[in-house]
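Work through the exercises below with the model open beside you. Each task is followed by a solution in steps.

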Amino acid sequence: MEVVDKAKKWLSSQKVDQETKNAIQSMIDSSDPGELTECFYKDLEFGTGGLRGIMGYGSNRMNKYTVGMATQGLANYLNKNFAGEEISVAIAHDSRNNSRFFAETTAAVFSANGIKVYLFEELRPTPELSFAIRHLGCKSGVVLTASHNPKEYNGYKAYWDDGAQIVPPHDKNVITEVSNIQSIDEVKFDANQELIAPIGKEIDDAYLDMIKSLSLSPDAIAREKDLKIVFSGIHGTGSTLVPSILKKFGFENVNQVEEQIKPDGNFPTVVYPNPEEAEALSLALKKAESIDADLVMATDPDSDRVGIAVKNDKGAFQLMNGNQTGSLLLYYLLRKWKDNGKLTGKEYVVKTIVTTDLISAIAKHYGVTLYNTLTGFKYIAEVIRDLEGKEKFIGGGEESYGYLIGDSVRDKDAIASCAMIAEMAAWAKSEGTNLYELLQQIHLQFGLYQESLKSLTKKGKSGAEEINEMMVQFRQSPPATLGGSEVITLIDYKLGEQKDLKSGKSSKIDFPSSNVLQFMTADGSKISVRPSGTEPKIKFYFSVNTKLAELQQYDQTIASLNEKTKKIMEELGL
């Protein structure tokens, strides 16, 4: 009855359109209450990253009214926090169904609340929105995207004046303001068109110029300008700027996957528009094989993640996972900074706690400080903000295919990453090698790290409860051994403590509270468990490593590490 009462409030609202009311009434009249329950059993939560959900009717769905309520709450907070100041926001959107409509709805609500809006005239990458906020001096920004989620989803990511996603104390304050909006009738939907200004090419040019300034090996590109690159934007925003930045860097042989150039929120050529999935790169790989390419790159719909493939030692294209690409990228950046005489001892890189520790070993070798953060790029951006003017950020990344070079953007940036990965490939080729062989040499020097990810999808209300119960069990009864090695340390980021399982002693850790557990074994393996913050999933991250004596043992050693990971998965019942 609570669900029905909630639905009836929507029916009685003066601002809800008739089509929505008819759909809700049909759900109420249905003999099966399942759909009504899923649509109204809770409000779509405005979390620290904004909104993310399935599009549809109701309080637990992405629609005009949930987007409007979120924007009204954010507008209220901006008007309170910056009282007496001129307030402006920037808004961008990806290629998903309804993204443009939601962007225009967001612009309307902000403008109705007296806030100046810079609205991108067409779809644009998420990192460009972050850049635009800083470039235009905005107080906040919003991008309408659900990143790499399935086509049924859309989302709303909120940013602060530094171009980063909102972090404490503003995140909780915004959440409070959004939750204070009790009724759709409180939302001001009537746009003030005088306060809405279109933006486009002028921001593109400034953004691309900034990325070009990051180049470290222009001479290598000049020698290898014909490097054969295959690129796909997977029906998203990548095709708007990646070909342009590659051309600006000097690459003259960029081949797009024709079937995936056109923006399309149904993502018709893939199961999921996620460059972490091999299937999403199948057309790109097919094209690469047909033209004998050097490098394959593909971005997700909002272009904050990039997946790549390179030729292995057998001449076949091999997909690189996010840890491998991140390790290559950070190695290249640090090596070139050293070669170019740019290291002064005040530089640093950042990664997340579930990202490979190979990056830690590389940073240590080059005498560059490494900071670890919780999962989520907003935490990397927070480190950059806190150290601004004190230390110099070179780059950072996370295992989920997101990387950042330089500090002019404060979110993961696949546009800049594509440019730098292509430059890295050109540099390697000019040195008589390739990215696969370079990764082998890194493993030979620093240790062979092998990472993998296992996600379990648990949908709906019952799925959320099941995920919660799994975390409770792992917390109360941690495994004694994993992969034949004793579990010696349990790190609980929710409780903020690290526990020595042999002595039973606990010590505090300096991280914000987050529902993450890590099991460390005596032989250096690391297993991390966390519920996803944006999808109905629980994620298991596996990292195993060993010294590599010689390259002849490379495949054999990888196979041995994979067997170890498989054994750990079985021990965890996965």
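A residue counts as buried under 20% relative accessible area and as exposed over 50%, with partly exposed in between. The model is predicted.

**Exercise 1.** Classify Glu-388 and its salt-bridge partner Arg-134 as buried, partly exposed or exposed.

Solution. Begin with the contact: the side chains of Glu-388 and Arg-134 meet in a salt bridge, 3.9 Å from N to O. Glu-388 sits in the loop between H14 and S14, while Arg-134 belongs to helix H6 (residues 126-136), 254 residues apart. Next, apply the cut-offs. Glu-388 has a relative accessible area of 42%, so it is partly exposed. Arg-134, at 31%, is partly exposed as well.

**Exercise 2.** Which parts of the chain does the salt bridge of Asp-357 and Lys-526 tie together, and is Lys-526 buried or exposed?

Solution. The closest N and O atoms of Asp-357 and Lys-526 are 3.3 Å apart. Asp-357 is in the loop between S12 and helix H13 (358-365) and Lys-526 is in strand S22, so the salt bridge ties together parts 169 residues apart in sequence. With a relative accessible area of 27%, Asp-357 is partly exposed. Lys-526 has 7% and is therefore buried.

**Exercise 3.** Describe the sheet that contains S12, and locate helix H14 relative to this sheet.

Solution. The sheet is open and has four strands in the order S13-S12-S14-S15, with mixed pairing. Strands S13 (369-373) and S15 (402-405) are the edge strands, each pairing on one side only. On average, neighbouring strands are turned by 20° against each other, direction ignored. Helix H14 (residues 377-387) packs on the sheet and touches S12, S13, S14 and S15. The direction of H14 makes about 160° with that of S12. Inside the sheet, S12 (residues 347-352) and S14 (residues 392-398) run parallel and are joined by five bridges. Glu-347 has Lys-392 in S14 as its bridge partner.

**Exercise 4.** Check the length of helix H17, then find how its buried residues are arranged around the axis.

Solution. At 1.5 Å a residue, the 17 residues of H17 (residues 460-476) should span 24 Å; the end C-alpha atoms are 25 Å apart, which agrees. The buried residues are Gly-463, Ile-467, Met-470, Met-471, Phe-474 and Arg-475. Viewed down the axis of H17, these fall within an arc of 135°, so they line one face of the helix. Their cover includes strands S16, S18, S21, S22 and S23. On the other side of H17, Ser-462 and Gln-476 are exposed.

Key
Residues are numbered from 1 along each chain as its sequence is written. This is a predicted model: local features need pLDDT of at least 70, side-chain atom pairs count only at pLDDT 80 or more; totals for chains, interfaces and linings use all residues. Side-chain values use heavy atoms; hydrogens and water are left out. Two strands pair if DSSP finds at least two bridges between them. Helices (H or I, at least four residues) and strands (E, at least two) are DSSP runs, numbered from the N terminus. Axes are lines fitted to C-alpha atoms, for helices over the stretch in contact, and angles run from 0 to 180 degrees between N-to-C directions. Contact means heavy atoms within 4.5 Å. The expected span of a helix is 1.5 Å times one less than its number of residues. Buried means under 20% relative accessible area, exposed over 50%, partly exposed in between (1.4 Å probe, protein chains only). The arc is that of the directions from the helix axis to the C-beta atoms. A salt bridge is a side-chain nitrogen of Lys or Arg within 4 Å of a carboxyl oxygen of Asp or Glu.
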